[in-house]
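Take a look at the model below. Then let the text lead you through its sheet, its helices and its ligand sites.

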Amino acid sequence: MPTLASKDLCCGCSACANTCKSDAIKMVADDTGFLFPLIDTEKCVECGLCEYSCPALEKPLSSKDAVDPSSCIVQHKDDIIRYQSTSGGAFTAIAEFVISEGGVVFGANLEDDVVVRHIAVENVQDLEKFRNSKYVQSEIGDTFLQAKKYLTEGRKVCFSGTPCQINGLKKFLKKDYPNLLTVDFACKAIPSPLIFKKYIEFRSKKSGDIKRVVFRDKKRGFSFCTLACYKDWQQQKKGKSLYRRGSESDEWLRLFLRGYSTRLSCTSCNYQDCPRVSDISLGDIWDTTKITPKMNDNKGTTTVAIWTEKGKVCLDSIREKIRFYYYPFETSTWVKPRKNIKIPNYNRAQFYEDAKKLPVEKFFAKYAPNSLKVKIKQFSRVLIWKIHLHNIIRQCKHFIIHR
Ligand SMILES: Cc1cc2nc3c(=O)[nH]c(=O)nc-3n(C[C@H](O)[C@H](O)[C@H](O)COP(=O)(O)OP(=O)(O)OC[C@H]3O[C@@H](n4cnc5c(N)ncnc54)[C@H](O)[C@@H]3O)c2cc1C
Ligand code: SF4
Ligand code: SF4
Ligand code: SF4
């Protein structure tokens, strides 16, 4: 029987399941709701290929195509695309370029059953499915196999995902493909699909039937991103939300940011060292004043690290679609080693036990209570936003730095 990564190290990338030619590996959710491989001993022929493709069993890969890394900040010129994206919409500009060359783009989509899955798209209209971060682990399914098929047919492929998913993809592929472009991001951690399901049930009871969630909605500006819930796509497009709250009070964001719902492998993540195995990495930059004040408009900006020649060519090819500004890599956040998320001092087993047993109202009241302190924080944040005080604070900061 093969020995795959232990439960605390397995990142759920599904490289093993995509590798097995005997269909002996299924990705199955455990009590925490995260997917782990389950091996069918009857079908396994002990070829060992799954072990060979597991990124958690050896040191993370490094890229063969690496160049001296560079960094820039990016904003998509299309305001709607930028509004719908988490930060500056750099990902859409990259993906549009790949599609314009006849390529296929893979990314994470929140599907109609409110589950996040990786899918492939081949036209620019469908790229909206990938916009905005989904703070839930995405199911890879058989997308590594699909990507390999397109690559061997000679089509351009852009694969986006968490740094561990990109490591898994590369281990699965085993060789470099000149027609593959990989994009990952600065990754805090990945939360549990089971707790997200509970959250949807909880929120639907309180605010109405929810089918769409925007984890980083910019209605109140980039600096006051809120989690917004919608009845469906149409209501989302009209901006008619059933619910909207920021990270100071929303139950899902609070559990995510405090590390309660995190996958265990994220606490010892070593997929985010410099340089990375991806061609391009993306992240949020909250304040661009120190780099260039001109781009600091509170509508969202992506910080981009370019690790390889392919990444460089891609950024050069999208110049017409974006506003950008290159700055010294050494001064960027990409050089610093990433700090692993800390698991808070709580009883993890009890947390997941409660998630199964308690009614959702009681579960969220226990782990993310809507206390007086939380209500005051929420009230003051909304008030500051309503009287435009955040703009005044931003302008004062700008004045102090540049006087
Ligand atoms: C779980 C998670 C944690 C993050 N943590 C940080 C952080 O700590 N610091 C930071 O600077 N940035 C973080 N980011 C990245 C950041 O939020 C933006 O995705 C990034 O700035 C790119 O923004 P954009 O506007 O260019 O693209 P966007 O339009 O936001 O593109 C989103 C891209 O992310 C992919 N994606 C979205 N959700 C998932 C998912 N669940 N699994 C895999 N891929 C996904 C999409 O396929 C698409 O390629 C995180 C993103 C996620 C999904
Ligand atoms: S050892 Fe081979 S047959 Fe068995 S699960 Fe792994 S890949 Fe499949
Ligand atoms: S290949 Fe990925 S999913 Fe499979 S055991 Fe390794 S880390 Fe886990
Ligand atoms: S923190 Fe690391 S292990 Fe966790 S999802 Fe992100 S890249 Fe994967």
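The paragraphs that follow start with the sheet and end with the ligands. The model is predicted.

Begin with the sheet. It is open and has 8 strands. Read across it, the order is β5-β4-β6-β7-β11-β12-β3-β13. The pairing is mixed. At the edges sit β5 (116-121) and β13 (322-327), and each pairs on one side only. From one strand to the next, the twist averages 25°.

Now pick one pair of neighbours. β4 and β6 (residues 157-160) run parallel and are joined by 3 bridges. Val-105 has Cys-158 in β6 as its bridge partner.

Next come two helices. Helix α6 (residues 163-173) lies across β6 and β7 (180-185). Its direction makes an angle of about 155° with β7. Helix α10 (residues 309-317) lies across β3 (66-76), β7, β11 and β12 (302-308). Relative to β12, α10 runs at about 135°.

Turn to the ligands. Which residues come nearest to ligand 1? They are Thr-86, Gly-107, Ser-160, Lys-188 and Gly-283, out of 31 residues around this ligand. Two strands of the sheet, β4 (104-110) and β11 (280-284), each supply at least two residues of the shell, as does helix α4 (90-100). By class, the shell around ligand 1 holds 12 nonpolar, 15 polar and 4 charged residues.

Ligand 3 has 15 residues around it. The closest are Leu-4 and four cysteines: Cys-10, Cys-13, Cys-16 and Cys-54. The shell around ligand 3 has 11 nonpolar and 4 polar residues, with no charged ones.

How values were computed. Residues numbered from 1 in each chain as written. Chains lettered and ligands numbered in written order. Predicted model: local features only at pLDDT ≥ 70, side-chain atom pairs only at ≥ 80, totals over all residues. Near = placed C-beta within 6 Å. Helix = DSSP H or I, 4+ residues; strand = E, 2+ residues; numbered from the N terminus. Nonpolar A, V, L, I, M, F, W, Y, C, P; charged D, E, K, R; others polar. Pairing = 2+ DSSP bridges. Axes fitted to C-alpha atoms, helices over the stretch in contact; angles between N-to-C directions. Contact = placed C-beta atoms within 7 Å.
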